[in-house]
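Here's an informal walk through a two-chain model, for anyone who likes to check helices and sheets against the coordinates. Have the viewer open while you read.

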Amino acid sequence: MYAWIWRKLPGPFAAKLTLAVVLVLGVIALLMFVVFPWLEPRLWFNEVAVN
Amino acid sequence: MATREGPDDDRRRHPGHGQPTPQRRPATPPRGQVPPRPPQRGPQGQPPRRPQGPPPRRYTSPPPPPGANDETIVFAPVGKGGAATKEKPAAAPLGKSGVAIRTAGEVLITLGLVVLLFMVYELYVTDLFSAGKQSEASDQLDGEWAHDRTLHPELIDGKAFARIHIPSFGVDYNFTIQEGTDDAALEVGPGHYKGTALPGEPGNFAVAGHRVGKGAPFNDLDNLSSCDQIVIETSTDFYIYKVLPYDDEMKDWAGGKGADPKCKGVSTLRDGGAEDGGAYSETFGRKVVLPSQGTAVNPVPYKGADVLPKAQQAALLTLTTCHPQFSARERLIITSVLTQQVPKNQVKDYGDLLSKIGEA
């Protein structure tokens with residue numbers, strides 16, 4: 001999978017590396033700002049109130 | 001030559017000396033033998049002699065020609081860097097199933113990293129998000145208090161209306177208290193259970209807060225002990241609550257810890273006349289209950305609404321958070337009782353209050 005992505009990235013090594021870093025950071029940002037905030041209320045371990 | 005036979009010498013030594021072709025060093029030391037070398041010496045150790053002869057394990061030992069008193073040492077071809085592992089034979093191409101297995105492994109590793117990242121998010125990143133919201137709420141509350149000192153705060157869902165200080169957690173420990181205990185309110189800071197009493201009122205002013213992540217305002221609630229002060233600040237007053245006696249201190253409270261001056265105003269709330277201790281028989285400074293035990297925030301904790309008329313109810317403050325830490329299996333309940341009310345016009349600020357109540 002990762003080897004395939006690496007092969008698909010265009011350009012010389014430096015360009016590939018830059019693109020790869022940008023991709024990784026983009027995925028982390030997506031997780032941190034979109035996926036995790038959406039997921040978190042659906043999990044149970046953050047309940048602090050009695051009801 | 002035979003005197004230097006090390007364990008790995010046989011595969012590196014090429015006794016080609018004397019033969020004109022492999023000998024590359026015309027000026028051979030006449031002494032005859034190269035100095036002993038450490039076993040791991042790379043090719044750069046012997047710069048003039050380039051590697052020659054492809055297979056490392058070959059030990060061709062034609063008898064040295066007469067007069068040969070030197071030897072040629074041949075190293076395995078290990079590439080420029082000298083790391084023997086650098087040049088591996090190309091891996092055989094994976095078949096379809098090989099590719100599938102590798103991809104599955106990569107997916108699993110990726111999922112593991114995502115889970116780790118989620119933990120980082122829960123423990124640290126939500127703190128950052130909440131810190132921003134908390135400071136915004138705090139500034140807004142200060143602004144409102146500076147402009148308008150209404151006696152009864154307007155309760156708007158998710159909006160701060162009071163502030164909690166716990167002196168034993170440090171002078172700078174303070175969080176705004178929002179109305180409501182939904183996720184959005186608790187992300188900003190502790191939240192007030194809707195419908196429970198307000199600060200200073202008889203009944204039970206109940207507040208929930210996160211223990212892990214989201215600023216973790218109630219992270220250290222289990223470090224509180226009885227008689228520790230909890231200060232609730234409203235637009236007009238400071239309300240000083242003190243944590244009620246713990247279960248093991250109840251019995252000998254008046255003669256034991258209760259006699260401590262810092263426990264002034266803290267009683268067991270037990271009714272000596274009643275056999276079971278009266279309305280507050282279930283109320284302790286610290287209690288661990290199941291999440292379903294919503295009666296913990298009742299006006300009289302764990303008792304029905306009609307057990308005491310409102311005028312006779314003690315003014316309590318109840319803090320709830322999850323328990324044990326990192327789990328939501330139970331809830332930690334800290335209950336304290338109002339001991340003092342200090343109008344804000346009698347003290348300059350919270351620091352001044354602390355020095356007056358003997359905490360600073």
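What follows takes chain A, then the contact, then chain B.

This is a predicted model, in which local features need pLDDT of at least 70 and side-chain atom pairs count only at pLDDT 80 or more, while totals for chains, interfaces and linings use all residues. Residues are numbered from 1 along each chain as its sequence is written, and chains are lettered from A and ligands numbered from 1 in the order in which they are written.

**Chain A**

Chain A has two helices and zero strands (helices are DSSP runs of H or I with at least four residues, strands are E runs of at least two, both numbered from the N terminus). With a radius of gyration of 18 Å against the 10 Å that the globule rule gives for 51 residues, chain A is more spread out than a compact globule (the radius is taken over C-alpha atoms, and the rule is 2.2 Å times the number of residues to the power 0.38). Its C-alpha trace spans about 60 × 20 × 10 Å along the principal axes.

Just 6% of the 51 residues in chain A are buried (20 or more other C-beta atoms within 10 Å of the residue's own, with C-beta atoms placed from the backbone). Helix 2 of chain A is hardly covered, with zero buried residues among its 27. From first to last C-alpha, this helix reaches 36 Å, close to the expected 39 Å (1.5 Å times one less than the number of residues). Helix 2 of chain A also bends by about 40 degrees at A:Leu31 (the angle between axes fitted to the seven residues ending there and the seven starting there).

**Where the chains touch**

The contact involves 15 residues from chain A and 28 residues from chain B (C-beta atoms, placed from the backbone, within 7 Å). On chain A's side, helix 2 (residues 13-39) gives the most, with four residues. That side of chain A divides into twelve nonpolar, two polar and one charged (Ala, Val, Leu, Ile, Met, Phe, Trp, Tyr, Cys and Pro are nonpolar; Asp, Glu, Lys and Arg are charged; the others, Gly among them, are polar).

**Chain B**

Chain B has four helices and eleven strands, and 31% of its 360 residues count as buried. Take helix 2 (residues 96-147) of chain B: its 52 residues should span 76 Å, and the end C-alpha atoms are 72 Å apart, which agrees. There's a kink of about 45 degrees in this helix, centred on B:Tyr121. B:Tyr121 is also one of the buried residues of helix 2 of chain B, together with B:Thr126, B:Ser130, B:Gln134, B:Ala137 and B:Leu141. The cover over the buried residues of helix 2 of chain B includes helix 2 of chain A, plus strand 3, strand 4 and helix 3 of chain B.

Over in the sheet, strand 11 (residues 330-343) of chain B pairs antiparallel with strand 8, and strands 9 and 10 of chain B also run antiparallel to strand 11 (pairing takes at least two DSSP bridges).

| Partner of strand 11, chain B | Bridges |
|---|---|
| Strand 8 (residues 237-243) | seven bridges |
| Strand 9 (residues 286-289) | four bridges |
| Strand 10 (residues 315-323) | eight bridges |

To find these pairings on screen, look for B:Ile240 with B:Gln340, B:Val289 with B:Arg331 and B:Leu316 with B:Val337. Strands 10 and 11 of chain B form a hairpin with six residues between them, and B:Phe326 in the turn has a positive phi of about 70 degrees.

Conventions
Contact = placed C-beta atoms within 7 Å. Buried ≥ 20, exposed ≤ 12 C-beta atoms within 10 Å, placed from the backbone.
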